[in-house]
Amino acid sequence: MAALGIVLHVGFLAWNVFAVWQNLEVTSSQLSHGANTYGGRWKYLTFLNQVLQTTFFGVCLLCDLLQLCLSNRNRFCSVLTRVKDCIFAALAFPVGVFVFTSFWSIYAYDRELVYPKELDRIIPQWLNHAMHTFILPLILIELVTCSHQYPSKKSGLAVLVGFGVAYLSWVYWVHYAADIWVYPILAKLDAVGMLIFFASSFLIMLTLYFIGEWLTRLRWGDMALPSRNVLHSRRLFNTKHSDTTFTAYRQLSPATNDQGKDFGIVKTVFNDAEVPLQHPEPIAVGFVLTYDYWTLAMSERTILATMDVESLHSNIPHQDGLNACKFFLENTGTDANSVVKLIKFILTHNYFEFDKKIYLQETDKAMGSKMAPQYANLFMAKLESDFLSSCPIRPLAYYRYIDDILIIWTELEPLLKMFHEQFNQFHPTINLTLNYSCTGINFLDAIIKLQNNKIETSLYQKPIDRPTYLKWDSFHPKHMKKLYFLQPSHQIQSYLFQPNG
């Protein structure tokens, strides 16, 4: 898939560069009086679109080469991928298709309004089609062969509207400065007609934006949606009667030990970074998919997959973990540098006794530390965010609970293995195991199955599980004894009373 993208983008870029070059080779003496006047070629939407398409395919090729050479680990590559996707969604597709449809529609009605006959002896037919025809098949091939994640509608439409307003201002400026209209059709319209013409053009481009999003989603599924929509929320049931909803990228530990006073500020800041959590010790956690997925029709090739991070707690480099914590803390209004110093102190001052000798743990972090779950969680959140944002092919849905990952995959099986391999190569110390099935898979305490093209869940218990219960008059804390009533009730709620699809 990566090789195909590189081949296509090299060809598309070469073609567009050649077409722009040939367009510029048409000398001023050969041009019509319109192109010889104020603004030159740069006042024509056709030429601007040709430059836009050339720029877009250049960015696509650069992304392909960076991903090939750097294995998606470069931050610049992640940013460039988001820029590329935004250009495709907000400019390349809607503007390119608009140029094709508007030009040939007006041309079929009266070519003198948009492309006078005298241009046939100046501009070769192939160059005319390069500017007005071939842009459509090229952009459709791009849509079908390469996945693009659409930005939020607010961002995408803002870029498109901004481009439209900028070009409309340019058209009026040319008329003001040189007393000419860019296109002959504008000279034949009165004020009302011009208002209707431009309003219709804006409406058509906005419609093309939504058509592009629909086609992309039709081809690539929900991974074409913005990341906050692709990664649906899930409920992690804890010791309280209420449940807490988390997103896949910024999921925090479901529970924290409130006993003890050491570095409570670190624990509090971590919890407040997403949702304030005030729960006691972690317990077995129930898992359910959101209602969207109860009613989501799966394709015949849907694969359920789980990945597990091997020895996560002992494989987080201090600097990478600190960078992840700082990244999330900076978005909370907290003094991130001070909190990171506290975290670093905890990481570098883990002492333990063995054989009557005192040792200092120099690498990794202590498993029993109260900040361990949040620290590991934030590291994984940053790691997966960077990886998924730069990954050319993404899962339909991605869920994680600390080091356990569930994936709903709608692409081919070899692409899933490639996705897993790329994830393993993304960080030098993080390795993930992969299990997958087309029928059903176990994740946490859930059995997730595909039945009649829909997802169903039931309770999973390990074969070696032996239910044991505390006597009510034991000296265990009361909240621990309550768990034996609350946990089964949550599981019944999760797995027996499922929404009807």
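**How the sheet and helices fit together**

User: In this predicted model, which residue of β9 stands opposite Ala-305?
Analyst: That's Tyr-436.

User: How do you know that β4 and β9 count as paired?
Analyst: The cut-off is at least two bridges between the strands. Strand β4, residues 303-309, has 6 bridges to β9, so the two pass as a pair. They run antiparallel.

User: What makes up the sheet, and in what order?
Analyst: It's an open sheet of 4 strands, ordered β7-β8-β4-β9, with antiparallel pairing.

User: Why are β7 and β9 called edge strands?
Analyst: Each of them has a single partner strand, so one side of β7 (397-401) and one side of β9 (432-437) has no neighbour in the sheet. From one strand to the next, the twist averages 20°.

User: What makes α14 and α15 roughly antiparallel to the strands they're compared with?
Analyst: Angles over 145 degrees count as roughly antiparallel. Helix α14 (residues 372-390) makes about 165° with β7, and helix α15 (residues 413-426) makes about 165° with β9, so both qualify. Both pack on the sheet: α14 touches β4, β7 and β8, while α15 touches β4, β7, β8 and β9.

User: Why is α5 called oblique to α8?
Analyst: Their angle is about 40°. Roughly parallel would need an angle under 35 degrees, and roughly perpendicular starts at 65, so this pair is oblique. The axes lie 9 Å apart.

User: Which residues of α5 make that contact?
Analyst: Leu-143, Val-144 and Thr-145, meeting residues of α8 that include Leu-215 and Trp-220. The contact residues split into 4 nonpolar, 3 polar and 1 charged.

Technical notes: Residues are numbered from 1 along each chain as its sequence is written. This is a predicted model: local features need pLDDT of at least 70, side-chain atom pairs count only at pLDDT 80 or more; totals for chains, interfaces and linings use all residues. Side-chain values use heavy atoms; hydrogens and water are left out. Axes are lines fitted to C-alpha atoms, for helices over the stretch in contact, and angles run from 0 to 180 degrees between N-to-C directions. Contact means heavy atoms within 4.5 Å. Ala, Val, Leu, Ile, Met, Phe, Trp, Tyr, Cys and Pro count as nonpolar, Asp, Glu, Lys and Arg as charged, and the others, Gly among them, as polar.
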